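Got the viewer open? Load the model, switch to cartoon, and let's walk through it one selection at a time.

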Amino acid sequence: MGSCSSRSDNEVHAKDRRGAVKWAALIATSTFAAAFAITGGYDGNRGRDQGMVVLARATAFQAFVITNTIVMKCSVISIFLCITGLWYAYREDDKINDRAIARYFGAVVRILVAMFAIMFAFIAATFAVLAHSIALALSTCIIACIPFIAYTVELGKFISRVFF
């Protein structure tokens, strides 16, 4: 059984974990919106392709759909892990509290995967739309990769400080 001070510590940590729920929900919401605001639009001409996605056969669009699906899956699982982790966090048993921390850690890992995948989704969608203007497509993709590279370097520094 935990003491009164560990109970308040659990509540503080639970408040910190709620931030992860908000980030995961924001990522899930933007991913859901991107799935319906289809890159390239729909075919409005009469015929068998009417209402179908214009860029459906483009490889870059297919990459966008796959990475967008990965983002959605990771963010929804992360929300689930955070919520169940919050349930465990309010228990006073240390073994159960370890489960809360493990779920929170799993949620954070999935949020990180979602952040990487959302960058790939953005690059793929941009390339799909700008495929006819290769110079603009490449310059946009390079600019979009700069924060991705910076984030990767920063994550590497964090991992080396924590684990090594």
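Start with the spot where two rings meet: select Phe116 and Phe148, and you'll find that both are buried. Keep in mind throughout that this is a predicted model.

**Stop 1: the ring pair**

Show the two side chains as sticks. How far apart are the ring centres of Phe116 and Phe148, and how are their planes set? The centres are 5.0 Å apart and the planes stand at 90 degrees, so this pair is edge-to-face; the cut-off for that label is over 60 degrees. Now colour by element of secondary structure. Phe116 belongs to helix H3 (residues 94–129) and Phe148 to helix H4 (residues 134–163), so the pair ties together parts that are 32 residues apart in sequence.

Add Phe120 and Tyr151 to the selection. Together with Phe116 and Phe148 they form a cluster linked by ring pairs. The count of aromatic pairs comes to four.

**Stop 2: H3 against H4**

Hide the side chains for a moment and look at the two helices. Their axes come within 9 Å and cross at roughly 170 degrees. That makes H3 and H4 roughly antiparallel, since any angle over 145 degrees gets that label.

Next, bring up the side chains in the contact. On the H3 side, select Leu112, Met115, Phe116, Met119, Phe120, Phe122, Ile123, Thr126 and Phe127. On the H4 side, go for Ile134, Ala137, Leu138, Thr140, Cys141, Ala144, Cys145, Phe148, Tyr151, Thr152 and Leu155. Phe116, Phe120, Phe148 and Tyr151 from the ring cluster turn up in these selections too. What classes of residue make up the contact? Colour by class and you get 17 nonpolar, three polar and no charged residues.

**Stop 3: zoom out**

Back to the whole chain. How many helices and strands are there? The protein has four helices and zero strands, running α-α-α-α from the N terminus. Switch on a surface: about 10700 Å² is exposed, with carbon and sulfur atoms supplying 70% of that. Of the 164 residues, 29% are buried. As for contacts between residues at least 6 apart in sequence, 66% of them join residues at least 24 apart.

**Stop 4: H2 and its surroundings**

Select Ser75, which sits in helix H2 (residues 59–89). Is Ser75 buried or exposed? With a relative accessibility of 1%, Ser75 is buried. Leaving aside residues up to four places away in sequence, Ser75 touches Ala24, Ile27 and Ala28.

Stay in H2 and pick Thr84. Thr84 is buried as well, at a relative accessible area of 7%. Draw a distance from its C-alpha to that of Ala100: it should read 7.4 Å, for residues 16 apart along the chain.

**Stop 5: two residues with more open sides**

Jump to Ala102 in helix H3. Ala102 is partly exposed, with 47% relative accessible area. Its C-alpha lies 8.0 Å from that of Gly85, and the two residues are 17 apart in sequence.

Finish on Lys22, found in helix H1 (residues 4–36). Lys22 counts as exposed, at 63% relative accessibility. Draw one last C-alpha distance, from Lys22 to Ile79: you'll get 8.3 Å between residues that are 57 apart along the chain.

Key:
Residues are numbered from 1 along each chain as its sequence is written. This is a predicted model: local features need pLDDT of at least 70, side-chain atom pairs count only at pLDDT 80 or more; totals for chains, interfaces and linings use all residues. Side-chain values use heavy atoms; hydrogens and water are left out. Rings of Phe, Tyr and Trp (its six-membered ring) pair if their centres lie within 6.5 Å; planes under 30 degrees apart count as stacked, over 60 as edge-to-face and the rest as tilted. Buried means under 20% relative accessible area, exposed over 50%, partly exposed in between (1.4 Å probe, protein chains only). Contact means heavy atoms within 4.5 Å. Accessible areas come from the Shrake-Rupley method with a 1.4 Å probe; for residues, only the protein chains shown count as cover. Axes are lines fitted to C-alpha atoms, for helices over the stretch in contact, and angles run from 0 to 180 degrees between N-to-C directions. Angles under 35 degrees count as roughly parallel, over 145 as roughly antiparallel, 65 to 115 as roughly perpendicular and the rest as oblique. Ala, Val, Leu, Ile, Met, Phe, Trp, Tyr, Cys and Pro count as nonpolar, Asp, Glu, Lys and Arg as charged, and the others, Gly among them, as polar.
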